[in-house]
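Grab a pencil and work through a few exercises on a protein model. Try each task yourself before you read its solution.

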Amino acid sequence: MKIINSVKFIFPGISENERTARAVVSAFLVQLDPTVEELADIRTAVSEAVTNSIVHGYRNKSGDVELHIKLLQNREIYLRIKDKGCGITDVKQAMQPLFTTLPEEDRAGLGFAVMESMMDKLQVKSIPGKGTTIVMRKKLENPICQEE
């Protein structure tokens, strides 16, 4: 796929920056004029991925989160959220709805399910002790042609 435009944003993995990641995605995607629903879905998926990196990846430690956004041909969005946290030992289990490693913090365990439901593709790669990379893709609808 041909890359039309891209941006990489690296930020400290603190909870306040989850909002910043959503804002960066919104600002960058505005050039494609997505629908309100498309933008809301993408923002929510990014929010879930970044929150996972901060809460589960770093577990009260410090570290950076990398957000890479690519605009591909045919209005396809590529998103990669990467951390260098503790990693996930069993990705398949972690992706099951309601599974959480932090039940004492009232975590619902729905992050991956939410991401999967809002994006066209979701891929999770993780190495224990090295970190986790989440890749998501979504194809935007064609813009509505307005009659002149």
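Below are four exercises on this predicted model, each with a worked solution.

**Exercise 1. The sheet**

Work out which strands stand at the edges of the sheet.

*Solution.*
- Start with the order: the open sheet has five strands, arranged E1-E2-E3-E5-E4, and the pairing is antiparallel.
- Now look for strands with a single partner: these are E1 (3–12) and E4 (121–127), so they stand at the edges, and one side of each has no neighbour in the sheet.
- Going from one strand to the next, the twist averages 10 degrees.
- Zoom in on one pair: E2 (residues 64–72) and E3 (residues 76–83) run antiparallel and are joined by eight bridges. Take Lys-70, for instance: its bridge partner in E3 is Tyr-78.
- Next, see what lies on the sheet: helix H1 (residues 17–29) packs there, touching E1, E2 and E3. The direction of H1 makes about 15 degrees with that of E2.

**Exercise 2. A residue in H1**

Decide whether Leu-29 is buried or exposed, and list what it touches beyond its sequence neighbours.

*Solution.*
- First place the residue: Leu-29 lies in helix H1.
- Check its relative accessible area, which is 1%. Buried means under 20%, so Leu-29 is buried.
- Leave out neighbours within four places in sequence, and Leu-29 is in contact with Pro-34, Leu-39, Ile-42, Ile-69, Leu-71 and Ile-77.
- Pick Ile-69 from that list: Leu-29 and Ile-69 are 40 residues apart in sequence, yet their C-alpha atoms are 8.9 Å apart in space.

**Exercise 3. A closer call**

Do the same for Thr-133: is it buried or exposed?

*Solution.*
- Find Thr-133 in strand E5 (residues 131–139).
- Its relative accessible area is 19%. The cut-off for buried is under 20%, so Thr-133 counts as buried.
- Not counting residues up to four places away in sequence, Thr-133 touches Arg-80, Ile-81, Lys-82, Gln-123, Val-124 and Lys-125.

**Exercise 4. Two helices**

How do H2 and H4 pack, and which residues make the contact?

*Solution.*
- Begin with the geometry: H2 (residues 36–57) and H4 (residues 111–118) pack at about 155 degrees, with axes 9 Å apart.
- Angles over 145 degrees count as roughly antiparallel, so that is how H2 runs relative to H4.
- As for handedness, H2 and H4 make a left-handed crossing.
- On the H2 side, the contact uses Asp-41, Thr-44, Ala-45, Glu-48, Ala-49 and Asn-52. H4 brings Gly-111, Phe-112, Val-114, Met-115 and Met-118.
- Finally, sort the residues of this contact: six are nonpolar, three polar and two charged.

Methods
Residues are numbered from 1 along each chain as its sequence is written. This is a predicted model: local features need pLDDT of at least 70, side-chain atom pairs count only at pLDDT 80 or more; totals for chains, interfaces and linings use all residues. Side-chain values use heavy atoms; hydrogens and water are left out. Two strands pair if DSSP finds at least two bridges between them. Helices (H or I, at least four residues) and strands (E, at least two) are DSSP runs, numbered from the N terminus. Axes are lines fitted to C-alpha atoms, for helices over the stretch in contact, and angles run from 0 to 180 degrees between N-to-C directions. Contact means heavy atoms within 4.5 Å. Buried means under 20% relative accessible area, exposed over 50%, partly exposed in between (1.4 Å probe, protein chains only). Angles under 35 degrees count as roughly parallel, over 145 as roughly antiparallel, 65 to 115 as roughly perpendicular and the rest as oblique. A crossing is left-handed if the near helix is turned anticlockwise from the far one by less than a right angle, and right-handed if clockwise. Ala, Val, Leu, Ile, Met, Phe, Trp, Tyr, Cys and Pro count as nonpolar, Asp, Glu, Lys and Arg as charged, and the others, Gly among them, as polar.
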